[in-house]
Amino acid sequence: MSRRPVDLPALVEGVEHGRKRAVARAITLVENRDPLAYDLVRELYPRTGSAAVAGFTGPPGVGKSSLLGALVGHLRGEGKRVGVVSVDPSSPYSKGALLGDRIRLADHFLDEGVFIRSMSTRGHLGGVAEATLQALLVLDAAGMDVLLLETVGVGQSEVEVAMVADTIVLVLQPGSGDSIQALKAGVMEIPDIIVVNKADHPLTDTMVREIRGVLSLKPTVEGGWRVPIVKTEAVRGEGVADLVEKLDAHRAHIEAEGTLSERRRRNLRSEVLALCTFRLRAQLEDAVREDAEFARLLDEVVARRLDPASAAAQILERFDAEAPAR
């Protein structure tokens, strides 16, 4: 079935004016890795950089989506335009996903000042899908004041969100059995703010003490910012105003210290490298898909006559040797 042709100048204009249909179509192009998406992002990129980006991570089931729903409501009450990107885990086979955040954030779908997009990881191992950064750029260019990114919630791979957001929020839940996992150093090194959601639980104060104990071992960074702990009950909206206050305070802090530009430079460096990695992998997969020599090497690995690392070395040698011819 032929696709309706895309009028790129009109699409760019629609995104810049914040028209929801144009924004949705632009993100679809990005998510589907349409060749036109590169031209689109190139046109929009000079108009980005003004939105505040907050990334929300944490174990599954702690209420990140409910918290985002309450947070969006509060920010809209302040007159801010809000973009939300929720990254859901996908099947490693079909690459499909439930995208359940659309259900939890449904109250805001008809609000013209809110744009919500759920995206699947499509097999990507970290907490952030490859197209997520470009989707955030589209929302930034559409004039959103605040961008909220919710990641998959799969443990320590969630540190990837630190390469995307200006402010990182770690959301935890008392009494879930996840506290030890969540308090591991790899996760605890990334948050600028920690939220203990479902704070009506009797073990909330115990968890807060555990977190403070871990934070006391963490060196203070970025001009003396001390990671605050915010207790919330997202379903009732309690503690959300305090969270917004802490988000604003952190943003003001990194702007005053000059570390916002440093973070963004680091994040953009990571994005460039991630895009390079993705494109190289795509080229490699195309090169070996019908390659008889690759099939032979795989047979050798399956038969235990060749180890995977040696097979990979041989494939890369061939790929490098053939690269100038492409």
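**Reading helices, burial and contacts**

Colleague: Right after α4 comes Gly79, with a positive phi near 85 degrees. What are the ground rules for the helix numbering?

Modeller: Helices (H or I, at least four residues) and strands (E, at least two) are DSSP runs numbered from the N terminus. The model is predicted, so local features need pLDDT of at least 70 and side-chain atom pairs count only at pLDDT 80 or more, while totals for chains, interfaces and linings use all residues. Residues are numbered from 1 along each chain as its sequence is written, and side-chain values use heavy atoms, leaving out hydrogens and water. Here you get 13 helices and seven strands.

Colleague: Back to phi, then. Which residues other than glycine have a positive value?

Modeller: Most residues other than glycine have a negative phi. Arg33 has a positive one, near 55 degrees, and Arg304 another, near 65 degrees. Arg33 sits in the loop between α2 (20-31) and α3, Arg304 in the loop between α12 and α13.

Colleague: Are those two arginines buried or exposed?

Modeller: Buried means under 20% relative accessible area, exposed over 50%, and partly exposed in between (1.4 Å probe, protein chains only). With 33%, Arg33 is partly exposed; with 76%, Arg304 is exposed. Across the protein, buried residues make up 46% of the 326 residues.

Colleague: What span would you expect for α4 and for α11?

Modeller: Take 1.5 Å times one less than the number of residues. For α4 (residues 64-77), with 14 residues, that gives 20 Å, and the helix reaches 20 Å from first C-alpha to last. For α11 (residues 259-288), with 30 residues, 44 Å is expected and the reach is 43 Å, so close to expectation too.

Colleague: Which residues are buried in each?

Modeller: In α4 they include Lys64, Ser65, Leu67 and Leu68. In α11 they are Thr259, Leu260, Arg263, Asn267, Glu271 and Val288. The buried residues of α11 pack against α6 (132-141), β5 (167-172), α10 (240-257), α12 (292-302) and α13 (308-322).

Colleague: How do α10 and α11 sit relative to each other?

Modeller: Axes are lines fitted to C-alpha atoms, for helices over the stretch in contact, with angles from 0 to 180 degrees between N-to-C directions. This pair packs at about 95 degrees, axes 5 Å apart. Angles under 35 degrees count as roughly parallel, over 145 as roughly antiparallel, 65 to 115 as roughly perpendicular and the rest as oblique. So α10 and α11 are roughly perpendicular.

Colleague: Which residues meet there?

Modeller: A contact is heavy atoms within 4.5 Å. From α10 you have His250, Arg251, Ile254, Glu255 and Glu257; from α11, Thr259, Leu260, Arg263 and Arg264.

Colleague: What does the side chain of His250 pair with?

Modeller: A polar contact is a pair of N or O atoms within 3.5 Å; within protein, one must be able to donate a hydrogen and the other to accept it, and sequence neighbours count only if both atoms are side-chain atoms. His250 has one to the side chain of Thr167, at 2.8 Å. His250 counts as buried, at 0% relative accessibility.

Colleague: And what does Tyr45 touch?

Modeller: Leaving aside residues up to four places away in sequence, Tyr45 touches Leu137 and Leu268. Tyr45 lies in the loop between α3 (35-44) and β1 (52-57), and at 40% relative accessibility it counts as partly exposed. The C-alpha atoms of Tyr45 and Leu137 are 7.0 Å apart, though 92 residues separate them along the chain.
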